[in-house]
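Biologist: I'm new to reading protein structures, and I'd love a close look at just one part of this one. Could you pick a sheet and walk me through how its strands and the helices around it are arranged?

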Amino acid sequence: MSQRYNIPRGTYDILPQDSYKRQYLMDTFRRISSLYNYREIVTPIFESADLFERSVGDTSDIVQKEMYVFEDRKQRKFALRPEGTASVVRSYVENGMQTAGGVARLSYMGPMFRYDRPQKGRYRQFYQYGLEAIGSSHPYVDAEVIALAVRYLTELGLKDFRLEINSVGGPASAEAYNNALKKYYAPHVDDLCGDCRVRLEKNPRRLLDCKVASCKVYAKDAPIMLDYLDEEALNHFEAVKKYLDILGVEYTVNPRIVRGLDYYTDTAFEILDDSLGAQNALLGGGRYNGLVEQIGGKDSPGIGFAGGFERLELSMEKNGLSFGEEPHPEVFLVAVGEKAEDKAISVCRQLRAMGCVTDFDIEKGSFKSQMKAANKSGASIAILIGESEMENNTLTIKDMRQGTQETISADTLKCLRSHIVNLREQS
RNA sequence: GUGGCUGUAGCUCAGCUGGCAGAGCACAGGAUUGUGGCUCCUGUGGUCGUGGGUUCAAGUCCCAUCAGCCACCCCA
């Protein structure tokens with residue numbers, strides 16, 4: 001026997017018996033995002049590594065420890081995308097979307113890659129849905145994006161999640177806050193973990209969600225971001241809350257939300273489902289007013305979110321929610337004898353031309369085993385063609401649920417069609 | 001990158017202090033010479049994750065390694 005191969009660590013196959021679930025999640029996301037007039041954008045799954053280093057942040061764990069970086073044959077440095085926003089903004093700038101005026105509403109879905117130790121709800125290749133609204137800094141847009149995220153989850157039937165929001169302020173607030181943090185932590189430097197000593201210099205905000213016990217002690221009494229927001233940032237945050245109230249979206253303010261990507265400004269939010277275990281973030285997002293310019297475009301504000309399909313599936317399964325109907329053929333053909341088989345092939349073709357989902361297993365021999373196959377397929381109708389049907393030029397149509405059957409002329413296609421439609425309506 | 005638990009048939013798992021590799025489900029055939037589901041009978045299917053070691057003898061004990069799960073971490 002030749003070499004057997006295994007799937008790479010942290011990846012998984014979506015098997016045919018489950019793929020309708022993922023399709024349901026994707027279809028629903030497309031439906032809801034198009035309700036808000038978002039259009040789908042598809043970008044490559046790899047980009048210049050530099051794009052992510054500059055946008056996500058070269059001090060972030062994503063870039064430092066988790067990114068799949070590789071060189072192509074001409075020694076250009078690329079990365080498998082660890083998230084979607086950077087690519088969407090790159091495309092926005094590259095294709096001059098800002099010149100179109102108004103707000104660009106862009107949605108996307110696809111695989112993302114992070115090199116991390118796999119566990120429940122966490123994979124190395126995982127699939128995200130997300131969207132970006134670029135071109136407005138109006139707080140209503142923040143609220144609308146959040147409302148859309150909530151609407152999507154609600155549409156899927158999910159209830160036991162909670163929305164947490166925060167504001168990390170603009171650059172001025174951020175600097176004031178960072179200085180306050182540095183000042184607060186300075187006397188305790190020796191007690192901090194190695195990571196945090198580096199963070200204190202480069203990105204002090206991330207000290208707040210360090211889980212090392214000795215660092216956690218100080219996080220409790222650390223200065224709070226919201227107290228350092230300048231007037232503009234504070235007004236923005238208040239307005240976002242007002243619009244969320246108008247839209248009927250429930251939330252709690254969590255001043256500790258510090259998103260792991262460096263490009264966030266002002267609004268940051270997460271939707272959490274505590275039944276999921278350690279990986280409890282269903283979706284997360286926020287505003288990124290400096291990102292477009294940072295990537296080389298004309299200064300334009302933006303906001304967006306992204307979530308993982310895997311965690312949605314876990315949450316839905318835990319709650320016993322439906323992924324829509326599992327697909328199965330409507331008609332299954334059963335034919336015994338060479339001439340009957342030939343007849344079945346042409347009936348099969350005609351049924352499919354009518355738009356009727358049809359299957360026929362030419363490998364199966366006996367009537368019995370073909371009937372078993374028909375039963376297993378879940379088809380509601382079986383069409384039987386045997387000796388007597390061939391002699392009389394008829395077809396026997398069997399209702400698999402009721403067990404009833406009747407014989408009709410094989411020539412009247414319309415007749416066949418009305419039978420199928422009839423039976424389809426009954427079931 | 002760190003720790004704990006687990007790897008036996010396609011799936012879920014049993015296999016005692018080392019002694020002939022098992023069950024259920026699934027799959028195939030039959031009981032029923034043109035009729036599925038229920039029942040009963042029969043059958044196919046295994047480099048016991050991989051590589052070493054100890055032993056007369058290893059699925060079982062030891063070491064390494066890979067993978068899965070859970071947690072840390074990170075976040076989707």
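Modeller: Happy to help; here is a short tour of one sheet, after a glance at the whole chain. Please keep in mind that this is a predicted model. Chain A has 15 helices and 16 strands, and 36% of its 427 residues count as buried. Its C-alpha trace spans about 95 × 60 × 40 Å along the principal axes. The radius of gyration of chain A is 28 Å, while a compact globule of 427 residues would have one near 22 Å.

Now to the sheet. It is an open one built from 5 strands, and going across it you meet them in the order β13-β12-β14-β15-β16. The pairing is mixed. At the edges sit β13 (358-360) and β16 (405-409), each of which pairs on one side only. From one strand to the next, the twist averages 25 degrees.

Let's zoom in on one pair. Strand β14, residues 381-385, runs antiparallel to strand β15, residues 394-399, and 4 bridges link the two. If you want to find a bridge yourself, look for isoleucine 383, whose partner in β15 is isoleucine 397.

Helices pack on this sheet too. Helix α12 (residues 338-353) touches β12 (331-335), β13, β14 and β15, and its direction makes about 165 degrees with that of β12. Helix α13 (residues 367-377) also packs on the sheet, touching β12, β13 and β14. The direction of α13 makes about 175 degrees with that of β12.

Conventions
Residues numbered from 1 in each chain as written. Chains lettered and ligands numbered in written order. Predicted model: local features only at pLDDT ≥ 70, side-chain atom pairs only at ≥ 80, totals over all residues. Helix = DSSP H or I, 4+ residues; strand = E, 2+ residues; numbered from the N terminus. Rg over C-alpha atoms; globule rule 2.2 N^0.38 Å. Buried ≥ 20, exposed ≤ 12 C-beta atoms within 10 Å, placed from the backbone. Pairing = 2+ DSSP bridges. Axes fitted to C-alpha atoms, helices over the stretch in contact; angles between N-to-C directions. Contact = placed C-beta atoms within 7 Å.
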